[in-house]
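This report covers the structure shown below. The text takes each chain in turn and then the contacts between aromatic rings and charges.

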Amino acid sequence: MAEGHLRRRIDGEAASRRLRRYAAARFEPAWLALWAVALTAREAQTPDAWLLGRSGLSRALLWPGPLGHDAWEYDAPAGVETRLGGETREAGRPSPEAFARWWLWERLAKPRLWSLRVQPATLQRLWLPLWLGYHQGRQTRLIVLSGVSGEALGALKPAVLAALRAEARAGAD
Amino acid sequence: MGAFTVWDSIVLVVYVLGIAWVGARFGKSQATTQDYFLGGRRIPGWAIGLSVMATQASAITFIGAPGWGFEGGLERLVTFINVPLAMAVLIVVLVPIFHRAGIYSIYELLERRFGPLTRSLAALLFLIARGLATGVVLYAPALVLSVVTGWSVDLTIVLMAVIAVGYTVLGGISAVIWTDVIQMFVLWLGAILSMLLMVSSLPGGWSDVFAFGAAHGMFDTFDLSLDPSVTYSLWAGLIGGVVMHVAYFGTDQSQIQRVLTSPSIAEGQRSLLIGGYLLVPQMLLFLFIGVMLAAYYQQHGLTPPENLNELFPRYVVEAFPVGITGLVIAGVFAAAMSSLDSALNSLSAVSVRDFYARFVRPDADEGHYLKASRWATVFWGLYATLFAFFAGNLGPVIEAVNRIGSWFYGALLGVFLLAVLSRRSNGRGAVAGMLLGMAAVWAASHLGISWLYQNAVGLGVSLAVGYAVSLSAPAPSRDQLADVTLEETAPDMQALLRRRSAAATPLGRDARVTRARCLGLLAWFVISLLALGGLQLWAHAHG
């Protein structure tokens, strides 16, 4: 089972510009471990898209198009960046049924691509680059920005917070 | 001129087939797969916004609003003047919460917060209300077809229902954002062309229209009466209308589904923005056509049709040049299909996800759920068809849709606001608030107050009763509040985030895009108000 890192396309400068719009005062890069399965119309076909998720998320992320080598790399990037949710090889791994169900609801909500099916054999771990922004008001708030698209990914926030807590606990032990 | 000719029929058929071809061709390509997943991120924002508008209201606006304008001038614009405010509320309050919760149907949020009964009740209300409103949406193109062909409207309703259900079950042919954009432009083209034709047929041109409008009080948009029985007073539009539109765009699955399925919060907010800016001008355009039609009918000594919904389609058929009539009627058709497709699809999705997959067959395979969703579409098509037979008796179609919503929307919005804004409210309070909120709307409907206020009555009662009854049961657990409160507010999380933040790289001044978006909508609301007020003052000075 391969493991890769999605290429970070939003650099620090672009991320800081975007995070300022969300009233963030400070920011840092991070990586979150997700699990990906391919979506194809036929088994041996090049994937039309990928579904990215981890247990505990209520819905999966969609990666349109194939995950070619322009999109990801095997090696971990150089530099000391926070890596979240990858404590063990199997951490956060959803079952194939969970992926199938996520995809079913996705299609019912937006039913145009019924022919695509989840291919469980393609399951692999992928590290998603993130930018974590911190807004300092009465309370400190977290803003999770995709390091690939630069969009705020509110749906990933529970997973990031849980992983930050787990990391802090592991550090304390 | 004067009839729907063979050439018009050819244009209609070619247009519909052309839209189908564009949909089918792009629907299969990889480019569209990308657009599908990304919510059309590579397509300009204005096109996405127009596409949202096409599914929201275009066909019934085309048919209903001129009837409104003919009858009451611009007075009913107050029903829509509040849309920028409603969109601002949605962008700030509801969209970020819905997105963060990662839900497919908004009623899921109610289950996580209040339990399964509240979710089922809210979803059931949606199914009943949207199913009825879909009947009205079905009636609109059927009426056009009836006017064009001279066939009975009952026959055309059945015909349109078969086409709409077939279209939805087969996956929709107008899947591409650009086909919706084409439809919007065709409808607007039809509207502008009809204005030019009408003006050219009046001896005094525009001055006749303005003189007629001013003399008959048709530019009186704002009635400042505080009497709650005045249906279209400014206050009814502001108080009741804001509630109605926040509820309509925020708690009706057929409207919010596109926001939920957009890949990011910002994209979801963007899809609401263009409606916030364009719905009022669009409504003004079609109401103004109604005013022009009134002047046209008076000057030509014509008798208007008994059913004012027929007014504009009839004018298009009688006055437009050969070929253009076919094009505009085809635009109405295609836009109606787009609205029906999205309504039937959301009804089917809620039936399967909120009921069938929970209570009937929780562990079936995907193929089974696909079949179930198709049968659900057929069922809702039949339900809407039955109601469409009565839709003609409900007055202008656009008002009929809003009136149906008013029975439920206020109470439903109250429960969502309880879920989001109050940490003390619970399932018992939510159910009581929803039921008593609707009972209050029913009672209010017998008091002779404006139907627009019914939304505010439903909201107020459901909030007050919901909160009060909640006090009789234990407060919700932290887990139940997880979707609507921020987990980072817990003390241990705050300490952790402060530590991390202190070690992170500092940023400069913030820009706060969401706030800027809402300020733009508020400014637009004020500008609309001032412009319409100015027109009213001018009309009084010259009337």
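## Chain A

Of the 173 residues in chain A, 57% count as buried. The model is a predicted one, and chain A averages a pLDDT of 83, with 87% of the residues scoring at least 70. Confidence varies by element: strand β2 (residues 26-40) of chain A has the highest mean pLDDT of the chain's elements, at 92, and strand β5 (residues 72-73) of chain A the lowest, at 67.

The secondary structure of chain A consists of three helices and eight strands. Along the sequence these elements follow the order β-α-β-β-β-β-β-α-β-β-α. Among the contacts in chain A with a separation of 6 or more, 68% involve residues 24 or more positions apart.

## Chain B

Chain B has 543 residues, of which 62% count as buried. Its secondary structure comprises 22 helices and one strand. For contacts in chain B between residues at least 6 apart in sequence, 84% join residues at least 24 apart.

The mean pLDDT of chain B is 83, and 89% of its residues reach 70 or more. Among its elements, helix α20 (residues 451-470) of chain B has the highest mean pLDDT, 94, while helix α2 (residues 30-38) of chain B has the lowest, 44. The pLDDT is below 50 over residues 29-41 of chain B, and in the model this stretch has 42 contacts beyond near neighbours in sequence.

## Helices and a loop of chain B

Helix α6 (residues 83-101) of chain B can be checked for length. With 19 residues at 1.5 Å a residue, α6(B) should span 27 Å; the end C-alpha atoms are 25 Å apart, which agrees. The axis of α6(B) is nevertheless bent, by about 45 degrees at B:I91. Of the 19 residues of α6(B), 16 are buried, and the helix is mostly covered. B:G102, just after α6(B), takes a positive phi of about 60 degrees.

How many of the eight residues of helix α13 (residues 253-260) of chain B are buried? Seven are, so α13(B) is largely enclosed by the rest of the structure. The buried residues are B:Q253, B:S254, B:Q255, B:I256, B:Q257, B:V259 and B:L260.

B:S445 is in the loop between α19 (427-444) and α20 of chain B. Its relative accessibility is 37%, so B:S445 counts as partly exposed, the range between 20% and 50%. The C-alpha atom of B:S445 is separated by 9.0 Å from that of B:W407, and the two residues are 38 apart along the chain.

## Aromatic pairs

Over all chains, a search of the whole structure finds 29 aromatic pairs. One of them joins A:F27 and A:W131: the ring centres are 5.4 Å apart and the planes lie at 40 degrees, so this pair is tilted. A:F27 belongs to strand β2 of chain A and A:W131 to strand β7 (residues 117-136) of chain A, so the pair ties together parts that are 104 residues apart in sequence. Are these two residues buried or exposed? A:F27 has a relative accessibility of 8% and counts as buried; A:W131, with a relative accessible area of 7%, is buried as well.

In chain B, the rings of B:F70 and B:Y297 have centres 5.6 Å apart and planes at 85 degrees, so the pair is edge-to-face. B:F70 lies in helix α4 (residues 58-72) of chain B and B:Y297 in helix α14 (residues 265-299) of chain B, so parts that are 227 residues apart in sequence are tied together by this pair. Both B:F70 and B:Y297 are buried. The two residues also belong to a cluster in which ring pairs link B:F70, B:Y296, B:Y297, B:Y315 and B:F320.

## Charges over rings

Two arginines lie over aromatic rings of the other chain, as the table lists.

| Arginine | Ring | Distance to ring centre |
|---|---|---|
| A:R59 | B:Y104 | 4.1 Å |
| B:R353 | A:W105 | 4.5 Å |

In one case A:R59 lies over the face of B:Y104. In the other, the charged end of B:R353 sits over the ring of A:W105.

Note on methods: Residues are numbered from 1 along each chain as its sequence is written. Chains are lettered from A and ligands numbered from 1 in the order in which they are written. This is a predicted model: local features need pLDDT of at least 70, side-chain atom pairs count only at pLDDT 80 or more; totals for chains, interfaces and linings use all residues. Side-chain values use heavy atoms; hydrogens and water are left out. pLDDT is the predictor's confidence in each residue, from 0 to 100. Helices (H or I, at least four residues) and strands (E, at least two) are DSSP runs, numbered from the N terminus. Buried means under 20% relative accessible area, exposed over 50%, partly exposed in between (1.4 Å probe, protein chains only). Rings of Phe, Tyr and Trp (its six-membered ring) pair if their centres lie within 6.5 Å; planes under 30 degrees apart count as stacked, over 60 as edge-to-face and the rest as tilted. A charge sits over a ring if NZ of Lys or CZ of Arg is within 6 Å of the ring centre and within 35 degrees of the ring normal. The expected span of a helix is 1.5 Å times one less than its number of residues. The bend at a residue is the angle between axes fitted to the seven residues ending there and the seven starting there. Contact means heavy atoms within 4.5 Å.
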